[in-house]
Amino acid sequence: MILLDLFIAFFKIGIFSFGGGYAMIPVIEHESVNHGWISAAAFADSVSVAGMSPGPVAMNAAIFVGYKVAGVAGAIAATLGMSLPSILIIVLLGTVFYKIKDHPVIASVFYGLRPVITAFILFAACRFAIQSHLVSSDIRKSVIGIVMLLIALVLLFYKKVHPLALILSFGVIGILGGWLMA
Amino acid sequence: MQQGISLKALWQLFFAFCKISPVTFGGGYAIIPSLEEAMVNRYRWCKRDEILDVLSIAQTIPGSVALNAAAFIGYRVAGIPGVLAASIGMLLPTFLIVLVLAVFFIGIKDMPQVRWALFGIAPAVVGLIMFAGLRTIKSSVEDIVCLFLMIGTFLLLLLTNLNPIIILILGGTLGGVLGWIKYKKNEKNKPENDIKRHSADQ
């Protein structure tokens, strides 16, 4: 049954979503594309839409994929799957977690896990750049895309621009650019 | 666990997190100020310094920081019913917003203007994800071992078709073992260093 498949796939992803969720974008893509739920190009679209909404990008992408596969019920199944692992962990460990957080074994695991998660997030960025054709064989488009990416990074690092403002203004620039070229 | 959890407390949890939820743009960190305002000043569910503990736990366990923080506070205020009230409160608004966007988007996605808008949005989204990743480097890459772990993981993701979850488990296990070796080495060296320093002082 498709709803159960969605729930199980996103439950599995939920268990591993360390690092606030961005790191899970490649994992969600792998699962969704392998299940034949969405094409890689359509997944890139869903990440763009996910970025426009409040809430964690990975969770939003999960909702989008769930909706595309099985409507509102699919979106609910994906959301429950994605959020249940963390809720269960809180209920099971919530009270003792204070004490074990600084235990040497736990600290060692996180020492090693953190750089792995960073690599996942940076890979998610590169992967999205390719899937959304930001970087492609079209040299002219790629140059424009990379210049816009550098502008976006400067705005985020030095001007602390709100993510939604960034996305909306870049969307308007894209429409204007398309209109000028036509 | 608290006795006689009132329905009022559950509603308060639900509404408090409903209001915080739409603020959580681009990862969970944006919620910290509004979380503090509601939890500490308004409802007095926790003290100011406890917010830091809540956040450090929320960042450590899997899942989104915002949802974890909500579930944890819900648990402390009203046990398992509190977890449910707070989590649903946190999830519902963004769920509805994404759903509306998804329905709307699927209807218009092939219009040329939409394709152009997405072409403009792509660098912004890549920038947001990179920004999130680059910001974690400061706390995640402590030494050269971490740097190699990061680069190795990145190359595995880029060059192989392995299931990313396998890569995560492999990398996390290897990193954990290396972290443990580092911890043991530090522990062995520590007393010696102290002794050396002592003798140098004398």
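**Exercise 1. Where in chain A is A:H133 found, in terms of its helices?** Then describe its backbone and its exposure.

*Solution.* A:H133 is found in the loop between α6 and α7 of chain A. Helices here are DSSP runs of H or I of at least four residues, strands are runs of E of at least two, and both are numbered from the N terminus. The model is predicted: local features need pLDDT of at least 70, side-chain atom pairs count only at pLDDT 80 or more, and totals for chains, interfaces and linings use all residues. Residues are numbered from 1 along each chain as its sequence is written, while chains are lettered from A and ligands numbered from 1 in the order in which they are written.

Next, the backbone. Most residues other than glycine have a negative phi. A:H133 is not a glycine, yet its phi is positive, near 60°.

Last, exposure. A residue is buried if 20 or more other C-beta atoms lie within 10 Å of its own, exposed if 12 or fewer, and partly exposed in between, with C-beta atoms placed from the backbone. A:H133 has 18 other C-beta atoms within 10 Å, so it is partly exposed.

**Exercise 2. Describe A:K160 in the same three steps.**

*Solution.* Place: A:K160 lies in the loop between α7 and α8 of chain A. Backbone: its phi is positive, about 50°, although A:K160 is not a glycine. Exposure: A:K160 is exposed, because 7 other C-beta atoms lie within 10 Å.

**Exercise 3. Summarise the fold of chain A.**

*Solution.* Start with the count: chain A has eight helices and zero strands. From the N terminus on, the order is α-α-α-α-α-α-α-α. Then the extent: along the principal axes, the C-alpha atoms fill a box of roughly 60 × 40 × 25 Å. Then burial: of the 182 residues of chain A, 53% count as buried.

Finally, contacts. Two residues are in contact if their C-beta atoms, placed from the backbone, lie within 7 Å. Among contacts in chain A between residues at least 6 apart in sequence, 59% join residues at least 24 apart.

**Exercise 4. Compare the UniProt record with the model.**

*Solution.* Under "transmembrane region", the unreviewed UniProt entry lists residues 7-25, 37-57, 69-97, 109-130, 142-158 and 164-181 of chain A. These positions are in the numbering used here, feature names are shortened, and annotations may be inferred rather than shown by experiment. Take two of the segments. Residues 109-130 of chain A are 100% helix and 0% strand, with end C-alpha atoms 32 Å apart. Residues 164-181 of chain A are also 100% helix and 0% strand, and their end C-alpha atoms are 26 Å apart.

**Exercise 5. How many residues of chain A are in contact with chain B?** Break down the chain A side, then zoom in on A:L153.

*Solution.* 83 residues of chain A are in contact with 82 residues of chain B. The elements that give two or more residues to the chain A side include α1 (2-16), α4 (57-93), α6 (104-131) and α8 (163-181). α6(A) gives the most, with 20 residues. By class, the chain A side has 55 nonpolar, 25 polar and three charged residues. Nonpolar means Ala, Val, Leu, Ile, Met, Phe, Trp, Tyr, Cys and Pro; charged means Asp, Glu, Lys and Arg; the others, Gly among them, are polar.

Now A:L153, in helix α7 (residues 139-158) of chain A. Not counting residues up to four places away in sequence, A:L153 touches B:G127, B:M130 and B:F131. A:L153 is partly exposed, since 18 other C-beta atoms lie within 10 Å.

**Exercise 6. Locate B:K185 and judge its exposure.**

*Solution.* B:K185 is found in helix α7 (residues 164-201) of chain B. B:K185 has 10 other C-beta atoms within 10 Å, so it is exposed. B:K185 and B:G63 are 122 residues apart in sequence and 32 Å apart in space, C-alpha to C-alpha.
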